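Trainee: Could we go through this model together, one piece at a time?

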Amino acid sequence: MSDDTPQHEGLEARIAAAITPALGQMGYEIVRVQVQGKERPTVQIMADRADGSLINVEDCEAISHTVSAVLDVDDPFPGEWNLEVSSAGIDRPLTRTKDWVRFASQVATVELNMPQEGRRRFRGRILAADENEVRLKLDEGGEITLPRGNIRRAKLVLTDELIAATAQPEPDDAEGEPAPKKAPRRWRPPSERN
C-alpha cells in the first residue's frame with residue numbers, strides 16, 4: 001500500500017497529478033477525479049479528509065478555491081469549464097486499497113474492463129483486498145478474486161449496515177442533550193447560487 005492513490009488516465013490523471021500536492025498539504029486526499037462533457041467540461045473532484053473525519057461545506061469550498069487556482073495555472077482546457085467538489089459519501093467509490101480494507105465486510109458492486117468467468121459485473125461482500133486484487137463473497141454464493149487492474153469501477157452499496165458502520169457520534173451539548181442533526185449539503189460555487 002505504498003502508493004495508495006486512485007488510478008486515473010489521460011486528462012483525469014493530469015488533473016489529479018496537478019492538484020494532489022496542494023490538497024495533500026491542506027489535509028485532503030483525492031478519492032476520484034472525473035471529467036464529464038466536451039463543450040464546457042465539468043471537473044468533478046471527490047475528496048476525503050486525511051484524518052478520516054467527515055468533509056463539510058467549508059472543506060468543499062476550500063478545496064474548490066485551491067483546485068481552481070491550480071487548474072488556472074495548469075490550464076488543462078482550451079475554454080470554459082465547471083468545477084464540482086464533493087465528499088465521497090456513504091455509498092462511495094472504492095478507488096484506493098485503504099478504502100477496500102476499511103470497508104471489508106460491506107457490500108460492493110464491481111464492474112470490470114474485461115469479463116471474468118463470463119461476466120463483467122459482480123456484487124458481494126468484501127472479504128479481503130490488497131494493491132493487486134479484491135476478494136468478494138458473491139450474493140448468489142461462492143467467492144471470486146478480481147484483479148484490481150481489471151476493475152473499471154467499484155462502489156459500496158447503501159445498506160442499513162453500512163449506514164450504521166459509518167455513523168459518527170454526534171457531539172453532546174453541556175446539558176447532555178444530543179446535538180440536533182444537520183442535513184448534509186452539497187457545496188456549489190458562488191456563481192451557481194441563487
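Mentor: Sure, some terms to begin with: helices (H or I, at least four residues) and strands (E, at least two) are DSSP runs, numbered from the N terminus. Contact means heavy atoms within 4.5 Å. Residues are numbered from 1 along each chain as its sequence is written, and side-chain values use heavy atoms, with hydrogens and water left out. The model is predicted, so local features need pLDDT (the predictor's confidence in each residue, from 0 to 100) of at least 70 and side-chain atom pairs 80 or more, while totals for chains, interfaces and linings use all residues.

Trainee: What pLDDT does the protein average?

Mentor: Of the residues, 85% score at least 70. Over residues 172–188, though, pLDDT stays under 50. The protein's average is 85.

Trainee: In what order do the strands of the open sheet run?

Mentor: Strands pair if DSSP finds at least two bridges between them. Strand S1 (28–36) and strand S3 (82–87) are the edges, each pairing on one side only. The pairing is mixed, and the order is S1-S2-S3.

Trainee: At what angle do H1 and H2 pack?

Mentor: Axes are lines fitted to C-alpha atoms, for helices over the stretch in contact, and angles run from 0 to 180 degrees between N-to-C directions. Helix H1 (residues 10–26) lies across S1 and S2, while helix H2 (residues 57–74) touches S1, S2 and S3. The axes of H1 and H2 are 10 Å apart, and the angle is about 135 degrees.
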